[in-house]
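I opened my notebook to look for two things. Where is empty space left inside, and what holds the metal?

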Amino acid sequence: MTVHHEEFAQRWAEAIISTSYVPIGRRVLDERLLGFVTQMVEAALAVEFDPAAGRQLGVDMVAAHFTGTETLRESLALIAEELPALLGCAPPGVDAAGRVAQLVAGIAAGYASALRERSLDEQDAIYRAGLRARRQAEQALADSEAKFRATFTEAAIGIGIADLDGNILDANPAMQKMFGYTHEEFTQRNVYQTMVHPDDAPSVWETNAEMIRGERDHFRLEKRYYRSDGDEIWTNISVSLVRDEDGAPAYQVALLEDVTEQRRLRDKLEYQAYHDPLTGLANRQRVTERLGQIFAGPAGQRRVGLCFLDLDGFKVVNDSLGHDVGDELLKTVASRLTRCCGSGPLVARMGGDEFVIIIEDTTCVADVAALADQVQATMAEPIRVGDHELSVTASIGVVEQRVADTDPDALLQAADITMYRAKADGKARYAMYDQRRNDNVVTRFTLSATMLAAVERGEFFLEYQPLAALADRSLCGVEALVRWRHPTFGVLGPKRFIDLAAESGTIVQLGRWVLARACQQVRVWQDAFGAAAPFVSVNLAPRQLHEPALVGDVTQILLDNGLEPSSLQLELTEQALMGDDTGPLTMLTKLHGLGVRIALDDFGTGYWNLPHLRQLPLHELKLASSFAVGLQSPSHLVDQRIVAALVDMAHALELTVTAEGIETPLQLARFGAVGCDAGQGSLFAPPGTAQQIDALLQAASPFGGLSGESL
Ligand code: C2E
Ligand code: MG
Ligand code: MG
């Protein structure tokens, strides 16, 4: 290798670079070409010239990617021109020029053939790549088809495909199982034969038609079907439209999920929520709901009837024969009621032995009464439970009203109250609702239920009525009379609520409040008027004498207000002391022992048990106002003698006597004439406020102007 070789190689490299893209660096290129130059020189100078050497060089050039468009031409020109000089003096017998020419021709031929082969290779590669891509695409399609098939076949949800006319084209195994048809059977069926249920809402198939027209792409709903064996199934179905390449509707695909089990469970729960487990009748919830529906719609002239039925003496059956017998009895009653009412009215068990029948769209109360009659009749037949033959009767409250005039609660309550009237009237009958009586009961009920809270809210207040000494017309005491300032009913007198308070027991709290309030007031009067202050007379209900805490309460209240026991008088009626129970008398004795005054109120209205009076620890007898009425009457002489005897007797027992209800001077005169000690009544003053009593106390002689009429 000589310097000339290297120079040649470099010139060749420059020629190649200018004609072709060479993917190797310059140094490597130079080395490569130097290799070629050496090969050429050796070939040209070889002892035996190989004509194939040039060809090989051409092939090598192509392999080395010296394949630019001008590369061959430039290279051959360079070789033809410069190579002879490089060979120097050739050995003898060597035709250097001829060999160069042969080399050049060989290079050209080798180059051309290598280039052709290479482009054939390239075409082949492209062809192969194309083949490979197609095979891959086909494989992918086959894969996705297989995947789809697997999904279709293995899916737990039913999949069905139909054309736009509803002909079923395919149905997967899940769908076949769901409906009980084979694939074969399915493909011979139509959507409309198979999927329509008589209870489908019309909208279901309208929506389907919309989809088929291409107006929507899918819809879903919960729907039921008949299986091939006639059983019913529920599914969640979602139907989608498949369009062709142009977007026109082509197929419909339905996905169905079997929800029959969930649906059954839901139905069962719903049933349980609205039915009585023992009798299978509707329950209270259902009644509330049905009434809610009736009253929710436009009332117009709509009427509704209700029977509230309670078995008579059911508790006795339950207690004496056991709950199993009781349960059987209730079941029989339930089935008789259902039979008697037919399909129209709703029969429900409200609990225990209470049943309700709701009749919608009645015309008048007679409709409901007729049904109540029938119910009574069906009950007449004795009921056999095991060895027992039971006679059952029912008390029924019948209500029939315009929907517009009432509401569900009021209707039920009215029927309930009316049922109690049927009971009170002797059972085994029905009673018809009576608005006025009902109002009374409702008011009583409302008052009773709210009274305790009213005590705490301070809705009660006291009025005071003077007790006047007849001898000097002075104000010696006042009677405290309770009133209720009711937020809706206005001021209520004690006759409206004292009995209710006694029934409910609220009288205990109310009584304590009255005592405390009255004593506070006496404290105020004593502070203001000293010895001239009146004592206060407080009424005690019989029930209060049964409260062990009473003595303690009274003691504490007197103490709290710094009052002498003699400042307080307690009024009680004979009724409180009747009966075998000695408790009230013991209580009275204790109160008497405290030193408070005890008065027997309303004497003459009750038992007139005169010998009994002797044994009672009393200070005073209050004559009921009926005596005042008697003294006013034309036959007053008889009454006057009776009153005189009573006054004498009372005085003999060392009791003072106060006459109640003195309204006229004549009455005042006549009570005075028989020796009555004190009087109370509108003639002196009606019950009034503490301030009105203040005014009387401030007056020098409050009742001085009252003179008894001449007798
Ligand atoms: P009572 O103890 O006999 O009270 C006298 C009743 O006669 C009062 O009726 C009074 O307003 C009324 N009266 C007043 N002046 C006249 C009159 O000139 N002629 C007639 N005919 N009556 C007159 P009121 O306030 O309606 O009280 C009725 C009853 O309620 C009382 O009868 C008493 O038994 C009871 N009561 C009142 N306040 C209380 C209380 O705080 N506790 C209890 N347990 N019962 C009370
Ligand atoms: Mg009284
Ligand atoms: Mg009285």
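**Entry 1: the metal site**

I started with aspartate 602, which counts as partly exposed because its relative accessibility is 28%, and partly exposed lies between 20% and 50%. I kept in mind that this is a predicted model.

Next I looked up aspartate 601. Its relative accessibility is 8%, so aspartate 601 counts as buried. The cut-off for buried is under 20%.

Which residues coordinate the magnesium ion (ligand 3)? I found Asp601 and Asp602, each through OD, and Glu660, listed twice through OE. The distances run from 2.0 to 2.5 Å. Along the chain, I noted the donor spacing as D-D-x57-E.

Then I checked for a neighbouring metal. The magnesium ion (ligand 2) and the magnesium ion (ligand 3) are 3.6 Å apart. Aspartate 601 coordinates both ions. That is the residue I had just noted as buried.

**Entry 2: the largest cavity**

I turned to empty space. Rolling a probe the size of a water molecule over the atoms shows where such space is left.

How many cavities of 30 Å³ or more does the structure hold? I wrote down 3. The largest has a volume of about 200 Å³. Its lining is made of 19 residues. Closest to the centre are Val191, Met195, Ile237, Val239 and Ala254.

I asked which elements supply at least two lining residues each. Four strands are on that list: β1 (158-163), β3 (218-226), β4 (232-243) and β5 (249-258). The helix α9 (202-212) is there too. The largest share comes from β3, with 4 residues.

I then sorted this lining by class. I got 15 nonpolar residues, 3 polar and 1 charged.

**Entry 3: the second largest cavity**

The second largest cavity holds about 70 Å³ of space. I listed its lining: Val508, Gly511, Arg512, Leu515, Gln544, Glu547, Ala549, Leu550 and Asp553.

Which element gives the most to this lining? I found α18, with 4 residues. Both α18 (507-529) and α19 (550-560) supply at least two residues.

By class, I counted 4 nonpolar, 2 polar and 3 charged residues here. For the largest cavity, my note reads 15 nonpolar, 3 polar and 1 charged.

**Entry 4: what I keep**

Aspartate 601 is my link between the two magnesium ions (ligand 2 and ligand 3), since this residue coordinates both. For the cavities, I keep β3 as the largest contributor to the lining of the largest one, and α18 as the largest contributor to that of the second largest.

Technical notes: Residues are numbered from 1 along each chain as its sequence is written. Chains are lettered from A and ligands numbered from 1 in the order in which they are written. This is a predicted model: local features need pLDDT of at least 70, side-chain atom pairs count only at pLDDT 80 or more; totals for chains, interfaces and linings use all residues. Side-chain values use heavy atoms; hydrogens and water are left out. On a 1 Å grid over the protein atoms alone, a cavity is a set of points where a 1.4 Å probe fits but cannot get out, and a pocket is an open set with protein on both sides within 12 Å along at least five of seven lines; lining residues have an atom within 4 Å of a point. Grid points are joined across faces, edges and corners, and a volume is the space filled by probe spheres set on the points. Ala, Val, Leu, Ile, Met, Phe, Trp, Tyr, Cys and Pro count as nonpolar, Asp, Glu, Lys and Arg as charged, and the others, Gly among them, as polar. Donors are N, O and S atoms within 2.8 Å of the metal (3.2 Å for Na, K and Ca); water is not among the atoms, so sites may look incomplete. Buried means under 20% relative accessible area, exposed over 50%, partly exposed in between (1.4 Å probe, protein chains only).
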